[in-house]
Amino acid sequence: MRNESATQLITELSAPGRRAAIFPKADIPATQLDDLIPSQHRASSPPALPELAEGDVVRHFVNLSTKNMSVDTHFYPLGSCTMKYNPKRHERLASLPGLVDLHPYKQEDSIQGMLQILFECQQILGEIAGLPSVSLQPAAGAHGEFTALLVASAYFRDRGENRTKVLFPNSAHGTNPASAALAGFDCIQLNSGVDGLVDLEELKAHVDDKTAVFMITNPNTLGLFETDIGKVADILHEAGALLYIDGANMNAIMGRTRPGDFGGDMMHYNVHKTFTGPHGAGGPGSGPIAVRDYLADYLPGPVVSKTTDENGEPYYSLTTPPKTIGRIRSFFGNVSILLRGYCYLRTLGAEGVKAAADNAVLNANYLMARLKNAFDVPHGKLCMHEFVASASRIVKERGISAMDIAKRLLDKGFHAPTVYFPLVVSEAMMIEPTETESKETLDAFVDALITILEEEPETVKAAPWTTPVSRPDEVQAARKPILTAPEEQTTS
Ligand SMILES: *Cc1c(COP(=O)(O)O)cnc(C)c1O
């Protein structure tokens, strides 16, 4: 059943004069508004803000919050997104007044504690990457890609090399070519081999002295570890190009192997994926990059450096790399997300990080093994932290698509997996359970999927039945949201 109050917009709930708090009359003389803001800078009428009692506002938003799915309410196996549970302890620690109330313009010597945390973030992320020089500034993974490509650009310019091309496999996340294009490179897409991995011959055929960077996700978006990554690195390095590792899938390998050790020269992290942090609804994110030491001079500033003061005590200072590409984010990046990631990493420690990766891989393989009969898994011998099933056969046999199954899962109390990505698998369903889910949850998810395959196709194709909105036109809904609440927008 729909909850009537929560389907109304807050503006529709408004009643003139209603207030959360009514203040006593001011006992200081009134000031003429014209003395404060000249009339030409003022709107001609007051803004149409909703007028409500506090209780109405709270109910409205709490009810709205239950209309969507979140990691706190549902299993959320959204492939490539690492929707792991976010421990509440991180929220508490990141909300300590000494952290949240710090003003970013405070003097360096009065924010030594914060700078120490940020310095340690740089150290830990550099260690897990095997790439020692870190910038915490980028605000998300895609922003990290863009930043690293600007660093590569500056590096080659400095060496007097005119390299114009960025290569990526056809299994790449869309942000890879988008970042390369934004950074001014020509984008070259390579076909993957039949095994879903980089095709070395295809790579060799495209790498030349105009190649700046090859961007690759490892494990890749099919959930497969690129076993030839060392050879890939050699091909690029022999041509004088750089190997970029998209670190969105670090949850599979953190603590087990390091991008720097298998030949990567630069990478980004998605702190909001791999190291918890709230994630979804578009932000906030954090996408630090780690690079080889010879690229450190080009990183955006400031970075945090550690020295010793006159008493021999550690002192943390903000420094700007000598050939920096400049700032790409205000202050020190999205510190609140970095703090949560820092709590996560310090809580788990080196052994715990490794165990998290191992369990993420174990959970994914368990799910894959249980679903292999019901679905085709084209590259399904052994997966890393996620796998890509295909609903192609089910479309043929039952007329039900990956999208229909995804929508029907919502009725069963599960967030849908990522569908139709990566593009190299038709009717793709990309499933990533993460390490934070129990066997019971994974089993319930498998049961739900198998039940859906046995249901009447008509029921599945018209799903979801239980959500406030059934099947909006996704492109239209994003570009032209309907900001009124007509009855026909709902299925009851
Ligand atoms: C999520 C993701 C990105 C982009 O990261 P954002 O933090 O969302 O900007 C890039 N590549 C892959 C493989 C991803 O899964």
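Helices and strands here are DSSP runs, numbered from the N terminus, with at least four residues for a helix and at least two for a strand. The model is predicted.

**Exercise 1. Locate Pro219 and Pro464 and describe the peptide bond that precedes each.**

Step 1. Place Pro219 among the elements: Pro219 is in the loop that runs between strand S4 (211–217) and helix H11 (229–238).

Step 2. Read the bond: from Asn218 to Pro219 the peptide bond is cis, and omega is near -5°.

Step 3. Do the same for Pro464, which sits in the loop between helix H17 (457–461) and helix H18 (474–479). The bond from Ala463 to Pro464 is cis, with omega near 0°.

**Exercise 2. Find the phi values of Thr82 and Thr434, and decide whether each residue is buried or exposed.**

Step 1. Thr82 belongs to the loop between helix H4 (54–65) and helix H5 (88–94). Its phi is near 45°, a positive value in a residue other than glycine.

Step 2. Buried means under 20% relative accessible area. Thr82 has a relative accessible area of 1%, so Thr82 is buried.

Step 3. Thr434 lies in the loop between strand S12 (428–431) and helix H16 (439–454). Phi of Thr434 is near 70°, again a positive value in a residue other than glycine.

Step 4. The relative accessible area of Thr434 is 0%, so Thr434 is buried.

**Exercise 3. Describe the surroundings of the ligand, from the shell of residues to the polar contacts.**

Step 1. List the neighbours: there are 13 residues around the ligand, and Ser80, Gly141, Asp246, His272 and Lys273 come nearest.

Step 2. Sort the shell by class: three residues are nonpolar, seven polar and three charged.

Step 3. Assign the shell to elements: helix H8 (141–158) and helix H12 (271–274) each supply at least two residues. H8 gives the most, with three residues.

Step 4. Look for polar contacts, for which the cut-off is a pair of N or O atoms within 3.5 Å. A backbone N or O atom of Gly141 is 2.8 Å from an oxygen atom of the ligand. An N or O atom in the side chain of Asn270 lies 2.9 Å from a ligand oxygen atom, and for the side chain of Lys273 the distance from an N or O atom to a ligand oxygen atom is 2.8 Å.

Step 5. Turn to the covered area: the ligand taken alone exposes 380 Å², and the protein buries 87% of that.

**Exercise 4. Characterise the second largest pocket by volume and lining.**

Step 1. The second largest pocket holds about 270 Å³ of space.

Step 2. Its lining consists of 16 residues, with Leu99, Leu102, Pro104, Met114 and Val335 nearest the centre.

Step 3. By class, this lining has eleven nonpolar residues, four polar and one charged.

Step 4. Helix H6 (97–100) and helix H13 (335–371) each contribute at least two lining residues. The largest share, three residues, comes from H13.

**Exercise 5. Count the cavities and describe the lining of the largest.**

Step 1. Three cavities of 30 Å³ or more are present in the structure.

Step 2. The largest cavity has about 60 Å³ of space.

Step 3. Residues lining the largest cavity include Leu118, Gln122, Ser135, Pro302 and Phe332. Helix H7 (112–129) and strand S8 (303–308) are the elements that give two or more residues to this lining.

Step 4. Sorted by class, the lining of the largest cavity has six nonpolar residues, three polar and no charged.

Definitions and conventions. Residues are numbered from 1 along each chain as its sequence is written. This is a predicted model: local features need pLDDT of at least 70, side-chain atom pairs count only at pLDDT 80 or more; totals for chains, interfaces and linings use all residues. Side-chain values use heavy atoms; hydrogens and water are left out. On a 1 Å grid over the protein atoms alone, a cavity is a set of points where a 1.4 Å probe fits but cannot get out, and a pocket is an open set with protein on both sides within 12 Å along at least five of seven lines; lining residues have an atom within 4 Å of a point. Grid points are joined across faces, edges and corners, and a volume is the space filled by probe spheres set on the points. Ala, Val, Leu, Ile, Met, Phe, Trp, Tyr, Cys and Pro count as nonpolar, Asp, Glu, Lys and Arg as charged, and the others, Gly among them, as polar. Buried means under 20% relative accessible area, exposed over 50%, partly exposed in between (1.4 Å probe, protein chains only). A polar contact is a pair of N or O atoms within 3.5 Å; within protein, one must be able to donate a hydrogen and the other to accept it, and residues adjacent in sequence count only if both atoms are side-chain atoms. Accessible areas come from the Shrake-Rupley method with a 1.4 Å probe; for residues, only the protein chains shown count as cover.
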